[in-house]
Each structure stands twice: as structure tokens, then as C-alpha cells.
Amino acid sequence: MKAVVYKGPENLALEEREVPEPAPGEVLIETKAVGICGSDVSIYYGNFKKIEPPLTIGHEGGGVVRELGEGVDWPKEGTRVAVSPLDYCGKCEYCIDARYSLCENLKTIGMIEREGEYAEYFVAPARNCHVIPESLEWRQAALIDTLAGPVATIERRNIPVNSGVAVFGAGPAGLFFARLAKLKGAGEVYLMGHNDDRLELGRSYGADRIINTHDTDPVETILEFTNGKGTETVIEAAGSEQASSQGLSSLAKGGTMMVYGIVESGPVAVSMEDIALDEYELFGIADNTHGYNQAIELIGAGEVEVEPLITHQFSLSELPDAFSRHLMRDKKEGYIKGVVEL
Ligand SMILES: [Zn+2]
Ligand SMILES: [Zn+2]
């Protein structure tokens, strides 16, 4: 079978590989579509240190179950599934508490110690399979993983009805956060980013006010519109140092900051004094397993649109070239989200 293999920084190759055998508890899946994640871009440029090349990457996909490993009786052959990527042990103290993203023995499909989905077939634990309805197109199913993280985040800490929400980052996750906040009954939703096209798209995802942080100070603007109060919820979905500190400064007293983006540039200086005196809650999350089923429902019901985000579609063989011309990193050609369809 064909597979796209990460061989080291800026080295991705289309290779011929053996079709894998499902181990006990696993299933073999014929890949149909896989979303291209920001993590894939981090991997490509050597910024994700936990990966050990060579490894087939890709972790936001789905397909049709073709073969069952020993001891598996669900999902049956022929079932259409989306696959959550965290392969947790199920035995450590965190897994027993259903906090799979904290598993002591965590592997991740296409990232850590497990072959990924940019291949004609891949294997996954049966318990990672989530059935998707016939009505969902494969390219739409490739965005389930991206939506599942924001869903899991907002489910963990609710958004008070009519309260203000500031979302930093206008990528796919940020746009989904804006939409989910509105579905939860949020009041004014502010969306921050530095790309006018994406910000404009944010309006259709529920953002009441869009702020381009290149030319406007978001903290000043948010404080102005909230009469100096700030927003009850801030969501950091940009993964940037600047957004992190601006986010904290935009928070209302007693507010919650959801830290979803991953700041790879290093530690961020924050005022511990403000956190204590203004009783802020800082809440980090790396889970998306718990958001999968709801994400499937939301996309299937049309509550969250995914089509406007899919700007690029590739075949497996086109993928290495798309990475090597920095299409995703530099967001060329209006890039928002790419999908590999087989
Ligand atoms: Zn991802
Ligand atoms: Zn575990």
C-alpha cells in the first residue's frame, strides 16, 4: 500500500508499505479521508520532539472497517468510522479516571509510537472507532477530530449563558470555539486573529466582533466594549505567547481562561498576582476523545458547518509536495484546512 512517511525534519516521502495486521483488540481500516492538522505541520518542521522517524503520520481520519483483530466483535466489517487518535493504556490511574490524554503510557496514532493514517490502510484500537452516519461525506468526517477538541474543552468547563467570550486564534479550532460558544448561549463573542479573510469567516461562525490584532489592540477593544470588565471566558486557541498574555489581560474577575493552543515558543510570563487577586481560573486541556461523539452529531446535524473551512484537498501522492512548498505553514492560497482524500 502507499503511505506518506515522515523521515525527519522537512523530509516526507510517499513509500510502499505492507498492509498492517490488526493486533488483538484492533481493527484494520481502509482509509477514506484524513484532515491535515497543525500538529502535522509541527512534525514536518521538526518541532514535535516525541515523534521517532520513520513514521507514517496523519491522525484525523476515518474509513471503512475491513478486518477485525482477535477478540473484537465491534465495529463490524463494513462500518464507516472516524478514529480518535489517542491510544491510551486503560490501566493507569489517569485512564481509570477516564482522563485518557494524561495516560502514563500514551501513544498517539501518526505521532507517538503508532503508524498513522496517511496511508491506504491503518490499524487502530476498536475502542477508538466512532460510527459515522451515511449522510456525512468523508471529507466532512475529516474535520471531526478538529471539532472534538473544542467540544471536549467546552464540555469540561461550561460557558455561562449571556456571558462574554473572547477567542484568540481564527484557525479551524478558533472558529469552532466561536460557534460552540454561541450554541451554548454565550453573549458577545470576540474573535481575534491576524488574517482578515479568516476573521470575516468568523462572523458566520458566531463572532459578534472580529479584531485583527495586527492593527488593533484586542485588550483595549474588549475592555472598551465590556465597560472595563473583560469577558468571563477567554479561549486561547492561537498557541501564541502574545495571545496568551493578551487573553489573560482580557479576562473579567473570576473568569476562566481555557488554554487550548500549544505555545511552542517557550514559557510565557504571566502575572501570578492578577491570577490570585482576580481569582482567575487557568484551565488546560489536551483531550479530544470525549468530544468525538458530540462532534459527529453536530456536524451531521449541520449545527457546525465544516465545508467553508476545507480550502484544499489532496491525494496521498500530492501531500509531500504540499508540505515542501510550505503551503500549510505559510497559509498560502487562502489555506485554512486541508483534507487528504483517498
Ligand atoms: Zn490533530
Ligand atoms: Zn493509561
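A residue counts as buried here when its relative accessible area is under 20%, and as exposed when that area is over 50%. The structure is a predicted model.

**The zinc site**

By that definition, Cys 37 and His 59 are both buried. They belong to the site of the zinc ion (ligand 1), whose protein donors are Cys 37 through SG, His 59 through NE2 and Glu 60 through OE. These donors lie 2.1 to 2.3 Å from the ion. Along the chain the donors follow the spacing C-x21-H-E. Cys 37 and His 59 link distant parts of the chain, being 22 residues apart. Cys 37 sits in the loop between β3 (26–35) and α1 (38–44), whereas His 59 sits in the loop between β4 (55–56) and β5 (60–68).

**The chain as a whole**

The chain contains 11 helices and 19 strands. Its radius of gyration is 20 Å, and a compact globule of 342 residues would have a value near 20 Å, so the two agree. Along the principal axes, the C-alpha atoms fill a box of roughly 60 × 45 × 40 Å. Of the 342 residues, 56% are buried. Among contacts with a separation of 6 or more, 70% are between residues 24 or more positions apart.

The exposed surface of the chain is about 15,000 Å², and carbon and sulfur atoms supply 46% of it. The chain carries 30 positive and 54 negative charges, and the mean positions of these two sets are 1 Å apart.

**Helix α8 and strand β16**

Helix α8 covers residues 241–249, and its buried residues are Ala 243, Ser 244, Gln 246, Gly 247 and Leu 248. What do the buried residues of α8 pack against? The partners are the helices α7 (218–225) and α9 (272–277), together with the strands β12 (165–168), β15 (231–236), β16 and β17 (281–284).

Strand β16 spans residues 251–259 and includes Ala 252. Is Ala 252 buried or exposed? Its relative accessible area is 1%, so Ala 252 is buried. Neighbours within four places in sequence aside, Ala 252 is in contact with Lys 229, Gly 230, Thr 231, Glu 232 and Tyr 280. Asp 208 is 44 residues from Ala 252 in sequence, and the C-alpha atoms of the two are 18 Å apart.

**Backbone features in loops**

Two cis peptide bonds and two positive phi angles are listed below.

| Residue(s) | Feature | Value |
|---|---|---|
| Pro 53 and Pro 54 | cis peptide bond | omega about 0 degrees |
| Trp 74 and Pro 75 | cis peptide bond | omega about -5 degrees |
| Glu 279 | positive phi | about 50 degrees |
| Glu 333 | positive phi | near 50 degrees |

Pro 54 is in the loop between α1 and β4. Pro 75 is in the loop between β5 and β6 (80–83).

Glu 279 has its positive phi although it is not a glycine. Its place is in the loop between α9 and β17. With a relative accessible area of 62%, Glu 279 is exposed. Glu 333, also a residue other than glycine, lies in the loop between α11 (319–324) and β19 (337–341). The relative accessible area of Glu 333 is 54%, so this residue is exposed.

Definitions and conventions:
Residues numbered from 1 in each chain as written. Chains lettered and ligands numbered in written order. Predicted model: local features only at pLDDT ≥ 70, side-chain atom pairs only at ≥ 80, totals over all residues. Heavy atoms only, no water. Helix = DSSP H or I, 4+ residues; strand = E, 2+ residues; numbered from the N terminus. Rg over C-alpha atoms; globule rule 2.2 N^0.38 Å. Buried < 20%, exposed > 50% of the residue type's maximum accessible area, 1.4 Å probe, protein only. Contact = heavy atoms within 4.5 Å. Areas by Shrake-Rupley, 256 points an atom, 1.4 Å probe, with all protein chains shown as cover. Lys, Arg positive; Asp, Glu negative; His and termini not counted. Charge placed at Lys NZ, Arg CZ, Asp CG, Glu CD. Donors = N, O, S within 2.8 Å, 3.2 Å for Na, K, Ca; no water.
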